Structure formats: structure tokens, C-alpha cells
Amino acid sequence: MGISVEGANKSFGDFQALSDVSIEVPDGSLTALLGPSGSGKSTLLRAIAGLEDLDSGQVTINGDDATRKPPQQRGVGFVFQHYAAFKHMTVYDNVAFGLKIRKWKKPETSNRVHELLQLVQLDGLAGRFPSQLSGGQRQRMALARALAVEPQVLLLDEPFGALDAKVRKDLRTWLRRLHEEMHVTTIFVTHDQEEAMDVAGQLVVMNEGRVEQSGTADDLYEHPANEFVMSFVGEVNQLGDHFVRPHDMEVVLDPDDRTQEGMVQRIVTLGFEVRVELVLSDGTEVWAQLTRNELQRLELREGQIAYLRPIQAKSFNGGSPSNPQGASTPLGTQDGGDAGLPAAV
């Protein structure tokens, strides 16, 4: 049954944090709430957990109305960004804390804690204190503590936000594998597009307290409902009223009626991929994603004049999440003939 939120509204004084938000999280799924700071994603997560009371709306967890239930009766495990560890307790006691509160017997508690520590790859560290762990280890301890009480759902609020890039990447791979093994309905909040697209089966994009669009990473990337989703999920160039992904921006050396002149400002090699940054004649800054082979073939250098030929673009004519009007346009074939960039670009 999973989690259902219908018509959620929440204000803090004059600030509308949630405005008629409705989402469906399938049972056993891993869903990401994705959006910029202030979009309402953490408020929505806290409302599901029972840490914030809604002004109106309904929260249903596994078919039961949880809207007025206190947090401890919702069957929710919650993990914060900054671990919230008990510094004076060992790893074992931190993970066992919820079980002791629920008066589990010592043998059962011991079995459960050691089972979880092995699951989160902390077996052998049970006697250490949080200060003796790395950031990644402390976050895995926090996840084990949340899972100890066998929650119906697991809620993660920017769980990797305080960690460096390499550890974040390792942990999101680990979280995906953990979820595949545990199958606990999970929602996690992030502002990191790559993190959300890498880990989650479903993405819910939020902005200014509203849901802009939900779906798989491919759905949102290939079929964005509006300009915000197009710009927030994946890299994009804006050329007048058109939006073009960098990998849909072809760089050529010879102009034609479908190209726009630009000067190469910077070339950045990132492994196999190459980022070529250009400035157009009207001052618009864009970039194209090439392969190393393409770069070698073109022999591009900084300060060189090159020509851009967008392969495909999208435009939005006042579309909204409920009535998207975005149109994908192969710019080389329009009305049966060639079509270049808009005249204003």
C-alpha cells in the first residue's frame, strides 16, 4: 500500500511551505523528494513522519490514516542529515536504544543489533563511540538505528548532505543495495539531481511548496512537464524560448543555415567526456558535451570560432504540471525543411 499524501497544506506564519501537495509512494519503493532549498521537501517528509502537523490534508501509511497519529505510532524510522547520535553511547547502544525503550529482551536485542551492524558493514565496531567513526560510518550507524525497530517506512532527510563527494557516492550505492535487500518503503530528501537519479526508482520534483512533476528519472529527463523540471533535472542550455541538453548540442567547424556562431571559452576534460563552453555573438553562454574522440577530430582550442547546431530542443508555452505544453523539436526538421535557432538567439 505504501504512503499516500493528499491535499497537504502547511504554513509557517505568512510562508506557505506546502500548497495542496499530493504524492503516492508505492509499497517497497525508493522515492526521492528533489528540489531546491525552500521547496517544501523536508516539510513534507516531517509531515509524513508526524514531526509537523498539517494545516489540512491527509497522510496514509499502509492503508491506515496516520494524519493525527503521533510519530511513535506511525511505524516510521527517521534519519537526519547530522546523525543525531548519542555521543556518550557506543555504536551498539546507539543502535539498541529504540529496542530498549520498547523493552525488548536482552538476547533478542543483541541478535537484532549484531544482525544490523553486519548489514550496514559495521560489525566489529560495536564497542566504538561515534567520535571514533568516520562520517560515512556514523551515517550507516544512524540507518541501522532507524531500522532496528523494524519500521514500516524509512524516511531520510538529506542523509548524505554533510559528507564529501566520494563518500556520498559510495553511500548512495550502498543505500540502493540495502534497499534491494530490505524492501522497506523509503523516501529520502535531496537537492542533488545526480544522487536522486542514481538511487531512486521514483522522483518527486518540488518547487515553492508544490509538486512540479513525479515519475522515473527517464520520465522527468526525457519528458519534463515545464521549464523548471527541464532546468532542474539534468543540465540544459537556454536559447531564447528553447531548451537544449548539452549532449544535443553539436559543434561543427563549417557554418550553414542551421548553425549559430560562438567562440570557445573553455575546454574541460572529464574522463571520457569533454565540456566545451562557448559564448554566442549576443553574449549567451552555452556548453556542449562531446567525447574525447570528437574533440580530437575537431581540434578545438580556446579562443577559436566554432558553430553550434542543436539537434533537438524543447519549448514550453505556459505549460504546468497538470497541463504540460512542452514540445520536443528536432531543430533540423521543422515544417518539412531546415530550421535553425530562433532568430532572437
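A residue counts as buried when its relative accessible area is under 20%. That cut-off guides this walk through a predicted model.

Start with helix α4, which covers residues 135-148. Of its 14 residues, 12 are buried, so the helix is largely enclosed by the rest of the structure. The buried set opens with Gly135 and Gly136. It continues with Gln139, Arg140, Met141, Ala142, Leu143, Ala144, Arg145, Ala146, Leu147 and Ala148. Two arginines, Arg140 and Arg145, are therefore on the buried list, since buried here means under 20% relative accessible area.

What surrounds α4? Its buried residues pack against strands β6 (76-79) and β7 (153-157). They also pack against helices α2 (91-101), α3 (106-119) and α5 (165-182). The length of α4 can be checked too. At 1.5 Å a residue, its 14 residues should span 20 Å; the end C-alpha atoms are 20 Å apart, which agrees. After the helix comes Glu150, with a positive phi near 55°.

Helix α5, one of the neighbours of α4, comes next. It has 18 residues. From first C-alpha to last it reaches 25 Å, close to the 26 Å expected at 1.5 Å a residue. The buried residues of α5 are Arg168, Leu171, Arg172, Thr173, Trp174, Leu175, Leu178 and His179. Their cover includes three strands, β3 (30-34), β7 and β8 (185-190). It also includes the helices α3, α4 and α6. Just after α5, His183 takes a positive phi of about 60°.

Now turn to the strands. Strand β15 spans residues 273-280. Is β15 largely enclosed or largely open? Of its 8 residues, 6 are buried, so β15 is largely enclosed by the rest of the structure.

On one side of the sequence, β15 pairs with β14 (residues 260-270). The two are antiparallel and share 8 bridges. In one of these, Val264 has Leu278 as its partner in β15. The strands form a hairpin with 2 residues between them. Gly271, in that turn, has a positive phi of about 65°.

β15 also pairs with β16 (residues 285-291). This pair is antiparallel as well, with 7 bridges. Here Arg275 stands opposite Gln289 in β16. Another hairpin results, with 4 residues between the strands. Gly283 in this turn has a positive phi of about 95°.

Finally, look at the open spaces. Rolling a probe the size of a water molecule over the atoms shows where empty space is left. The largest pocket holds about 630 Å³ of space. It is lined by 23 residues, and those closest to its centre are Val76, Gly77, Phe78, Arg102 and Val149. Helix α4 returns here: β6, α2 and α4 each supply at least two lining residues. The largest share, 4 residues, comes from β6. By class, the lining has 15 nonpolar, 5 polar and 3 charged residues.

The second largest pocket has a volume of about 450 Å³. Which of its 14 lining residues lie nearest its centre? They are Glu194, Glu235, Glu273, Trp287 and Gln289. Gln289 has appeared already, opposite Arg275. Strands β15 and β16 each supply at least two residues of this lining, and so does α6 (193-199). By class, the lining has 6 nonpolar, 4 polar and 4 charged residues.

Note on methods
Residues numbered from 1 in each chain as written. Predicted model: local features only at pLDDT ≥ 70, side-chain atom pairs only at ≥ 80, totals over all residues. Heavy atoms only, no water. Buried < 20%, exposed > 50% of the residue type's maximum accessible area, 1.4 Å probe, protein only. Pairing = 2+ DSSP bridges. Expected span 1.5 Å × (residues − 1). Contact = heavy atoms within 4.5 Å. 1 Å grid on protein atoms, 1.4 Å probe; cavity = no way out; pocket = protein on both sides within 12 Å on 5 of 7 lines; lining within 4 Å. Points joined across faces, edges and corners; volume = space filled by probe spheres on them. Nonpolar A, V, L, I, M, F, W, Y, C, P; charged D, E, K, R; others polar.
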